[in-house]
Amino acid sequence: MIINKIKIILVAAVAALTSLAGFTVTADAADIHSEMREITTMELVRDMGIGINLGNTMESAGDWIAQWGDGTVASYETAWGSPVITREMISGYAEEGFGVVRIPVAWSNMMGDNYTISEKYMQRVQELVSWTIESDMYAIINIHWDNGWVNTFPDNKDENMKRFTTMWEQICEGFKDYGDYLIFESQNEELGWNSIWNQWGGPDGKEDSYSLVNQINQKFVDVVRNSGGNNSKRHLLISGYNTSIDLTCDPLFEMPYDPENRCAVSVHYYTPSTFAILEEDADWGKMSSTWGTESEYAELNQQMDLMKTTFIDKGIPVIIGEYGCPKKNKEEESVRRFLSSVCKAAYDRQICPVLWDVTGLHYDRSTCKLTDPQLKELLMSIPEDKPADIKYDVNADGKFNLSDVVALQKWLVNAGTLSALEAADVSQDGKINVIDLAMMKDELMNL
């Protein structure tokens, strides 16, 4: 009797609050690709599952392409070995089990005066993004290496900031009506310059290099938020310092201010580089053909734990925009072990891992399937094997207590976020409202 009275009072009080505030308190699970859902970036990143890159395709670059190509978008798209991408190739990613496709882009290809992006190039990227979303996957687009102009930022900051701003203004305009299945990523991995600070050479210049990285990322957020349409609430991916885990976790790296609080951070994982990058010995290292020692597992877990404690535990979502390794001169089982281990270590810590792939590496663009069925089985079992969610644990801290009730109550009046939206649907009716809050309160009092 007392509990029922408390429930009635609680429902009435929260209903009154939401009515006064003008909020409609429901959460529909339907995918509406042209609209922006009331979903936190942490929830969105978790919904992605695991991903793959459309590598060496729209980011192919080089002056020789303009010189020897026929001037078409396809001449760039195929310059680094990719076939012309088809709808079937994109939908094949979804059929293989991926939830997000990262589409690196070199927007300077076919660029006109005053950094004007080619209309034909824009339309082709729009087509690829649309195919991705229509296949029920998320899409990430960025400014990638883009023939290396970002590397010259320290030498000509004002002009390069103008270029960066002008390009993002055009990208924002081209995609402003796309829903929240499209994510913008500020840049690839070039933010951070040895010409200012060499991490192996002492502290001189370190603050200056980090400061420039932070300025560029802040400019990105400001441009997107002021560009209109759905971009005012678009989820954004912030490039870490050279996308290095250690350097991005340095206190000098700052997440930009975002009035919408819809930013995640991007890092890459190619560690150890002797296995994950080298296909043969180099002057800086000896190529390794195997991976999987106790110390290598420990290094992987240390790096993933560092991202979790630095960002995830503080409410900042993380996407590993690239991880991977070549197959040439590598033990086949070590390739499987490395890729599946990195994927699982990230996913288990609520980080979205996005596999780096190019034509002929892990995904066959002719058959539209992963080339290694055993690798597919290992990767796709990872989201399915995630630890069971604790009932009503809406803040995803591994416990159900009063803090979850408070978090849900704040979310209902649009004054907070939830890390595990699905856990808040206590009544299992596909909506989240004051009834769920009352039921959660009732459950807590019965513990």
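Begin by selecting strand S3 (residues 138–142) together with strand S4, which pair in the parallel sense over 4 bridges. What you have open is a predicted model, and every stop on this tour should be read with that in mind. Within this pairing, pick out Ala139, whose bridge partner in S4 is Leu182.

Stay on S4 and show its side chains. Which residues cover its two faces, and are they buried or exposed? Leu182 and Phe184 lie on one side, Ile183 and Glu185 lie on the other, and all of them are buried.

**Across the neighbouring strands**

Next add strand S5 (residues 236–239), which pairs with S4 in the parallel sense over 2 bridges. Here Glu185, already on display, stands opposite Leu237 of S5. From S5, Leu236 and Ile238 point one way while Leu237 and Ser239 point the other way, and all of these residues are buried. Continuing to S6, you will find that S5 and S6 pair in the parallel sense over 4 bridges, and that Leu236 stands opposite Cys263 in S6.

**Aromatic side chains**

Now colour the aromatic rings, among which the structure holds 16 aromatic pairs. One of them joins Trp168 to Phe184 in a tilted arrangement, with 5.3 Å from centre to centre and 45° between the planes. This pair links distant parts of the chain, since Trp168 belongs to helix H7 (residues 157–175) and Phe184 to strand S4 (residues 182–185), 16 residues apart. Both Trp168 and Phe184 are buried.

For a second pair, select Tyr269 and Phe338, whose ring centres are 6.4 Å apart and whose planes meet at 25°, so the pair is stacked. Tyr269 lies in strand S6 (residues 263–269) and Phe338 in helix H12 (residues 332–347), so this contact ties together parts that are 69 residues apart in sequence. Tyr269 and Phe338 are both buried.

Returning to Trp168 and Phe184, extend the selection to Phe175, Tyr178 and Phe220, and you will have the five residues that form one aromatic cluster. Add Arg234 as well, for its charged end sits over the ring of Phe184, 4.9 Å from the ring centre. A comparable arrangement can be displayed by selecting Arg46 and Tyr347, where the charged end of the arginine sits over the ring, 3.9 Å from its centre.

**Salt bridges**

Side chains of opposite charge can pair when their charged atoms come close. A search of the whole structure finds 18 salt bridges, and a few of them are worth visiting in turn.

Select Asp180 and Arg37, whose side chains meet in a salt bridge at 3.0 Å, N to O. Asp180 is in the loop between H7 and S4, whereas Arg37 is in the loop between helix H1 (2–21) and helix H2 (41–48), so that the pair links distant parts of the chain, 143 residues apart. Both Asp180 and Arg37 are buried.

Then move to Lys206 and Asp250, where the salt bridge has an N to O distance of 2.7 Å. Lys206 is in helix H8 (residues 206–225) and Asp250 in the loop between helix H9 (245–248) and S6, and these distant parts of the chain are 44 residues apart. Asp250 has a relative accessible area of 16%, and therefore counts as buried.

The next selection is Lys308 with Asp313, which form a salt bridge with their closest N and O atoms 2.7 Å apart. Lys308 is partly exposed, with a relative accessible area of 27%, and Asp313 is also partly exposed, with a value of 47%. Finish this part with Glu332, Glu333, Arg336 and Asp372, which are joined into one network by salt bridges that share partners.

**The surface, and a last contact**

Switch to a surface view and select Trp64, Trp68, Trp80 and Trp145, which form a nonpolar patch with about 500 Å² of accessible area together. Of these, Trp64 lies in helix H3 (residues 63–68) and, at 43% relative accessibility, counts as partly exposed.

For the last stop, choose Ala94 in helix H5 (residues 87–96), a partly exposed residue with a relative accessible area of 25%. How many residues separate Ala94 and Cys368 in sequence, and how far apart in space are their C-alpha atoms? Ala94 and Cys368 are 274 residues apart in sequence and 9.9 Å apart in space, C-alpha to C-alpha.

How values were computed:
Residues are numbered from 1 along each chain as its sequence is written. This is a predicted model: local features need pLDDT of at least 70, side-chain atom pairs count only at pLDDT 80 or more; totals for chains, interfaces and linings use all residues. Side-chain values use heavy atoms; hydrogens and water are left out. Rings of Phe, Tyr and Trp (its six-membered ring) pair if their centres lie within 6.5 Å; planes under 30 degrees apart count as stacked, over 60 as edge-to-face and the rest as tilted. Buried means under 20% relative accessible area, exposed over 50%, partly exposed in between (1.4 Å probe, protein chains only). A charge sits over a ring if NZ of Lys or CZ of Arg is within 6 Å of the ring centre and within 35 degrees of the ring normal. Patches are made of residues with over 30% relative accessible area and no salt bridge: like charges are joined within 9 Å, nonpolar side chains (Val, Leu, Ile, Met, Phe, Trp, Tyr) within 5 Å. Accessible areas come from the Shrake-Rupley method with a 1.4 Å probe; for residues, only the protein chains shown count as cover. A salt bridge is a side-chain nitrogen of Lys or Arg within 4 Å of a carboxyl oxygen of Asp or Glu. Two strands pair if DSSP finds at least two bridges between them.
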